[in-house]
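Reader: I'm in my first year and still learning how to read a structure. Could you take me slowly through one part, the place where the ligand is held?

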Amino acid sequence: MQEADGTGAWCKVTGPSGAPFLGRSSACPMLVLRDVQKTDLPGLKRLAAVLNTVNLPNNEETLEAIIDKSVKSFAGKVKDPFEREYLFVLEDVRNNLIIGTSMIIAQHGTYDAPHIYYEVSEREHYSASLERHLRHKVLSIAYNYEGPTEIGGLVVDPPYRATPDKPGKQLSFVRFLFIAMHRRLFRPRVLAELLPPLLPDGRSLLWEACGKKFTGLTYLEADRLSRQNKEFIKELFPSSDIYASLFPDRVQKVLGEVGPATRGVQRMLERVGFRYVERIDPFDGGPHFEADTADISLVRRYRTVKLADEDFELEGDDVLVAAERESGRNRFRSVRCQARLDNTVIYLPARAKEILEVKAGAKLSIIPFE
Ligand SMILES: NC(=[NH2+])NCCC[C@H](N)C(=O)O
């Protein structure tokens, strides 16, 4: 699962015709973040047909399986919390269009399906007789069987990208809000696998130089296959260290590099506390960013509050607010809006309360949206 598909979830689209004008978005919200439901299949198919990414493949059975797993996860019907996978959707409440998704995988890396990566290290060689001192980058394949929580699957419908509502940021932040609300269900580390620069036709320079030679597969085939099957990686990839110095310069350059469409994601993650951990994707060289869950700024700033009776329709604090339900098809709803906070009491615009479907006295969860 990689974050931002190079489809530019965060890239600036300067007013394409048909881009929805969302106006003073946070004062009068129109978007709801919620758990995916079975009835969202057509909406997700529409989005997948536009984007057809690996995160959201344009394939009915795969989408059904992703939805099913998520519905069971939100409902607590997957017994082991670390086997849960949550899919959030962002819906435009004016026309019920699903305009984006994001995911949390409670644990990436299990006994059945380890998390696989290249550890990047430096090795020095020195010859006294030649007075030659060389430093090499070395890639060592490594496996994690009790891996971190992973965030990924961020996609946004192109006409909505870079609009004032900041749908990409909402979809990204909602995961930290949910993790903060349910710390025991998640691991003490969070991982984001970022996409590296790829060739215009979608191939990977590292894959062409390395993975392809050991598997006989194309990058796309291997990438798709690896969602279900990790065995082939373990069996076919060289188990010994690889000196990156053997690769052409242009291949060495992409190791640990972030692709142009993913730089916005990288900056956002760094702002909330993520760092590059000297680990890269064994297929394409995309860097792994991680943070201690407890240290993520949004998790630290998470609070629970009680909803006040009076409406609040002024400029206040920009927040992401969530409400949860114990039963039913829809367990989680969240909205970005302007709010006034008074200790443990929150005042919300009438529209936000409608979208959240909550009444005065409700217990709500918040993180800042800044
Ligand atoms: N781009 C890829 N599909 N890389 C291979 C899989 C790597 C990933 N960390 C995993 O263990 O599942």
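Author: Here is a walk around the ligand, followed by a short look at the cysteines. Please keep in mind that this is a predicted model.

Let's begin with the place itself: the ligand sits in the largest pocket. If you would like to find its surroundings on your screen, look for H108, P114, H115, I116, E193, D223, S226, K230, D281, F283 and D284, the residues around the ligand. Sorted by character, this shell has five charged residues, three polar ones and three nonpolar ones.

Now zoom in on the nitrogen atoms of the ligand. From the side chain of E193, an N or O atom is 2.6 Å from a ligand nitrogen. S226 places a polar side-chain atom 2.9 Å from a nitrogen atom of the ligand, and for H115 the distance between a polar side-chain atom and a ligand nitrogen is 3.0 Å. How much of the ligand's accessible area does the protein cover? On its own the ligand has 340 Å² of accessible area, and 96% of that is covered by the protein.

Finally, a word on cysteines, away from the list above. The structure holds zero disulfides. Two cysteines are still worth finding: C210 has a relative accessible area of 2%, so C210 is buried, because buried means under 20%. The same cut-off applies to C337, which counts as buried because its relative accessibility is 0%.

Methods:
Residues are numbered from 1 along each chain as its sequence is written. This is a predicted model: local features need pLDDT of at least 70, side-chain atom pairs count only at pLDDT 80 or more; totals for chains, interfaces and linings use all residues. Side-chain values use heavy atoms; hydrogens and water are left out. A residue is near a molecule or strand if one of its heavy atoms lies within 4 Å of it. A polar contact is a pair of N or O atoms within 3.5 Å; within protein, one must be able to donate a hydrogen and the other to accept it, and residues adjacent in sequence count only if both atoms are side-chain atoms. Accessible areas come from the Shrake-Rupley method with a 1.4 Å probe; for residues, only the protein chains shown count as cover. On a 1 Å grid over the protein atoms alone, a cavity is a set of points where a 1.4 Å probe fits but cannot get out, and a pocket is an open set with protein on both sides within 12 Å along at least five of seven lines; lining residues have an atom within 4 Å of a point. A molecule sits in a cavity or pocket if more than half of its atoms lie within 2 Å of its grid points. Ala, Val, Leu, Ile, Met, Phe, Trp, Tyr, Cys and Pro count as nonpolar, Asp, Glu, Lys and Arg as charged, and the others, Gly among them, as polar. A disulfide is a pair of cysteine sulfur atoms within 2.5 Å. Buried means under 20% relative accessible area, exposed over 50%, partly exposed in between (1.4 Å probe, protein chains only).
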